[in-house]
Amino acid sequence: ITFYEAPVAQFGRGSLAATLWEEKTEARTLSFDKLISDLGRVDAIKIDIEGSEAWAFEGGREALSRPDAPTIIFEFFDWAENNTPGITLGGAQRLLREYGYTLWRIEDWLRGGPPAPDIFTTGFQILVAQKKR
C-alpha cells in the first residue's frame with residue numbers, strides 16, 4: 001500500500017492518506033486474520049493508525065468475529081477518519097460492533113463503568129473493544 005511518511009520531528013503521524021505529508025513510500029501489509037493465525041493466541045491489540053482502523057479491522061473479519069477474539073484498544077479521531085479516503089466516521093466502531101464487540105471509552109472501562117451507548121462520530125476518544133467473556 002502507499003504510506004505517507006511523517007518527518008522525523010512528527011514521528012508517529014504517518015498515514016495512508018496524504019493529509020499532512022507528501023513524502024510517500026510503498027509498505028507491505030499483513031491482515032489481522034493472517035497475523036493472528038500466525039501468532040496463535042492474541043489477548044490484546046493496541047492500534048493507532050491515524051484513522052485507518054476500519055481497514056485493519058476489515059482484514060480481521062474471521063479472527064475478530066470469534067468469541068475468543070482479542071481485546072482492542074484504539075483511537076477514534078473524527079479529523080483522521082474524515083480525512084482518510086474510503087473511511088466513514090465511526091466505521092471502525094461499527095465494524096467491531098458487527099463482530100460482537102462492546103465498546104467503552106477507556107476511562108469508563110478502567111473504572112468498570114458502562115459501555116458507550118452510541119457510535120462516536122465527533123471529537124476524540126480512546127476506546128476499548130472487548131467481547132463478553
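**L127 and the nonpolar core**

Visitor: Is L127 buried or exposed?
Guide: The relative accessibility of L127 is 0%. Buried means under 20% relative accessible area, exposed over 50% and partly exposed in between, with a 1.4 Å probe and protein chains only. Because its relative accessibility is 0%, L127 counts as buried.

Visitor: Which residue of β4 stands opposite L127 in β6?
Guide: This is a predicted model, in which local features need pLDDT of at least 70, side-chain atom pairs count only at pLDDT 80 or more, and totals for chains, interfaces and linings use all residues. Residues are numbered from 1 along each chain as its sequence is written, and side-chain values use heavy atoms, leaving out hydrogens and water. β4 and β6 pair in the antiparallel sense over 6 bridges (strands are DSSP runs of E, at least two residues, numbered from the N terminus; pairing requires at least two DSSP bridges). Opposite L127 stands F74.

Visitor: How far apart in space are L127 and Q93, C-alpha to C-alpha?
Guide: Q93 is among the residues that L127 touches, where contact means heavy atoms within 4.5 Å. The two residues are 34 apart in sequence, and their C-alpha to C-alpha distance is 9.0 Å.

Visitor: How many residues has the largest nonpolar core?
Guide: Such a core is a set of buried Ala, Val, Leu, Ile, Met, Phe, Trp, Tyr and Cys residues joined through side-chain atoms within 4.5 Å. Those with the most contacts inside it include F57 and F74, and β4 and β6 each supply at least two of its residues. The number of residues in this core is 25.

Notes. Helices (H or I, at least four residues) and strands (E, at least two) are DSSP runs, numbered from the N terminus. Lists of a residue's contacts leave out its neighbours within four places in sequence.
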